[in-house]
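Let's walk through how two protein chains and a DNA strand sit together. Have the viewer open as you read, and take each topic in turn.

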Number of protein chains: 2
Amino acid sequence: MGRPSKKEERTEEILNAFYRCVARFGLEGSTLERIAEESGLKRSLVRHFVGNREELTGLLVDRVLQQSDEQWSAFMAMLPAQNGSHFLLDGLFSDQHSDPEFVMVIESLIFAAGRDDDMRKRMQVWMQSFTNDVAVILQKDYPDATTESIAAVSYGLISLYFNLDSLAPLGMNQQYRQPARTAAEYLLQTLESASSGKGA
Amino acid sequence: MGRPSKKEERTEEILNAFYRCVARFGLEGSTLERIAEESGLKRSLVRHFVGNREELTGLLVDRVLQQSDEQWSAFMAMLPAQNGSHFLLDGLFSDQHSDPEFVMVIESLIFAAGRDDDMRKRMQVWMQSFTNDVAVILQKDYPDATTESIAAVSYGLISLYFNLDSLAPLGMNQQYRQPARTAAEYLLQTLESASSGKGA
DNA sequence: TATTAAATTGTCATATTTGACAATAAATCC
DNA sequence: GGATTTATTGTCAAATATGACAATTTAATA
């Protein structure tokens with residue numbers, strides 16, 4: 001009995017508000033006051049439902065990494081059996097798929113990870129698995145490529161993609177997306193020429 | 001007459017302390033208290049010599065960008081007439097030349113630039129001229145390469161370099177430096193094959 | 001030594017952020 | 001309606017960051 005709990009919905013609202021705040025003000029700039037205002041709730045309620053600042057950020061990291069994994073898994077599932085590499089480029093470098101809020105949140109978390117051991121470990125794992133997945137995709141298209149070249153190109157593609165994120169605060173994304181994509185294609189071509197097989 | 005002014009030395013000490021604080025705590029985490037503690041001065045003195053927070057950060061940005069420009073200019077001046085591209089790779093991707101503190105400060109400034117119009121403009125100019133300089137170096141070695149390919153490879157090299165910075169908070173630099181350099185070499189090779197002339 | 005200009009110290013007021021908790025209101029079940 | 005559980009509001013205290021300024025000390029010169 002008793003009054004029905006709104007904990008789940010409220011937690012959802014609060015984390016969404018937190019997410020938006022982090023995208024705009026960074027993690028440190030996202031005070032409980034701001035989160036409360038953004039979610040339309042009183043600060044006391046934010047504390048009541050989610051807890052203190054530490055628990056709040058923990059839940060946000062959970063949420064962001066999980067959503068990122070889900071979207072990435074969905075993307076991977078859509079990859080064609082052959083030629084997934086070029087499909088990957090479309091996913092990483094087309095204007096349409098870019099999400100400025102997500103970009104800024106990830107940037108904020110990476111930045112904050114520098115001063116938070118737990119967060120750093122979790123982001124490391126996240127980044128590592130991302131890199132590995134890309135390597136697997138490449139290896140499938142270029143089975144004859146060496147491990148080193150696959151690793152280099154994987155890291156290269158991810159760098160080109162992430163650098164668009166990193167420089168996002170400077171607002172030069174529009175200007176840099178095309179060269180980023182072209183450079184990514186160059187890297188892929190490197191694997192083609194080295195590989196004997198079925199490179200696209 | 002009167003007591004001799006220590007403004008210059010003190011300002012120097014304070015900005016150095018500020019620099020170290022930003023590398024460790026980020027810009028927002030570098031409170032006047034911390035800067036004072038780090039410099040061994042009272043907070044009142046920090047205010048006395050440098051001014052309020054806004055002037056302080058303005059001076060720090062001056063300092064960092066100027067030092068960066070100086071070092072970059074010095075590096076450019078050392079470039080050989082031919083084959084500067086490979087010399088560039090050594091400069092960007094060798095362990096020895098990496099400066100973790102500088103990396104973190106630049107990261108902090110780029111990040112903060114997202115919420116500071118003046119800083120953003122200054123960082124844009126800085127980044128732009130960096131990109132241009134790289135393009136000029138490449139064009140000299142690969143005169144037959146198209147403008148697009150030069151732009152793409154320039155951005156690619158810079159991405160590989162900067163991404164090491166961006167991921168620095170995750171502490172994976174050691175792991176990623178080698179693939180970064182290999183990918184950079186791949187990008188250069190692309191220009192070689194496209195160019196008819198004197199590529200190394 | 002007296003004067004002067006600057007360094008240095010110390011203090012007060014204010015705003016912000018956060019944590020803790022009491023008090024009230026609302027919804028559900030018996 | 002009464003009991004119970006939770007949402008919701010409101011308030012107080014502590015910590016921190018900053019700005020402003022008075023008071024004192026120090027080091028030069030005349």
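Start with the DNA: in this predicted model, α3(A) gives the most to the surface near DNA strand D, with 3 residues. After that, we'll turn to how chain A and chain B relate to each other and where they touch.

**Around DNA strand D**
- You'll find 21 residues surrounding DNA strand D, and the closest are A:G2, A:R3, A:S44, B:M1 and B:T31.
- Three helices each supply at least two residues of this surface: α1 (7-25) and α3 (43-50) come from chain A, while α2 (32-39) comes from chain B.
- Sorted by class, the surface near DNA strand D has 8 charged, 8 polar and 5 nonpolar residues.

**How the two chains are related**
- Turn chain A by 180 degrees, with 0.0 Å of shift along the axis, and chain A superposes on chain B with an RMSD of 0.1 Å.
- That is the relation of a two-fold axis.
- Both copies use the same surface, as 100% of the contact residues of chain A recur in chain B.

**Where chain A meets chain B**
- Here 39 residues of chain A are in contact with 39 residues of chain B.
- On chain A's side, the elements giving two or more residues are α6 (100-113), α7 (117-141), α8 (147-166) and α9 (173-194).
- Of these, α8(A) gives the most, with 11 residues.
- What classes make up the side of chain A that touches chain B? There are 22 nonpolar, 12 polar and 5 charged residues.

Note on methods:
Residues numbered from 1 in each chain as written. Chains lettered and ligands numbered in written order. Predicted model: local features only at pLDDT ≥ 70, side-chain atom pairs only at ≥ 80, totals over all residues. Least-squares fit on C-alpha atoms with pLDDT ≥ 70 in both. Contact = placed C-beta atoms within 7 Å. Near = placed C-beta within 6 Å. Helix = DSSP H or I, 4+ residues; strand = E, 2+ residues; numbered from the N terminus. Nonpolar A, V, L, I, M, F, W, Y, C, P; charged D, E, K, R; others polar.
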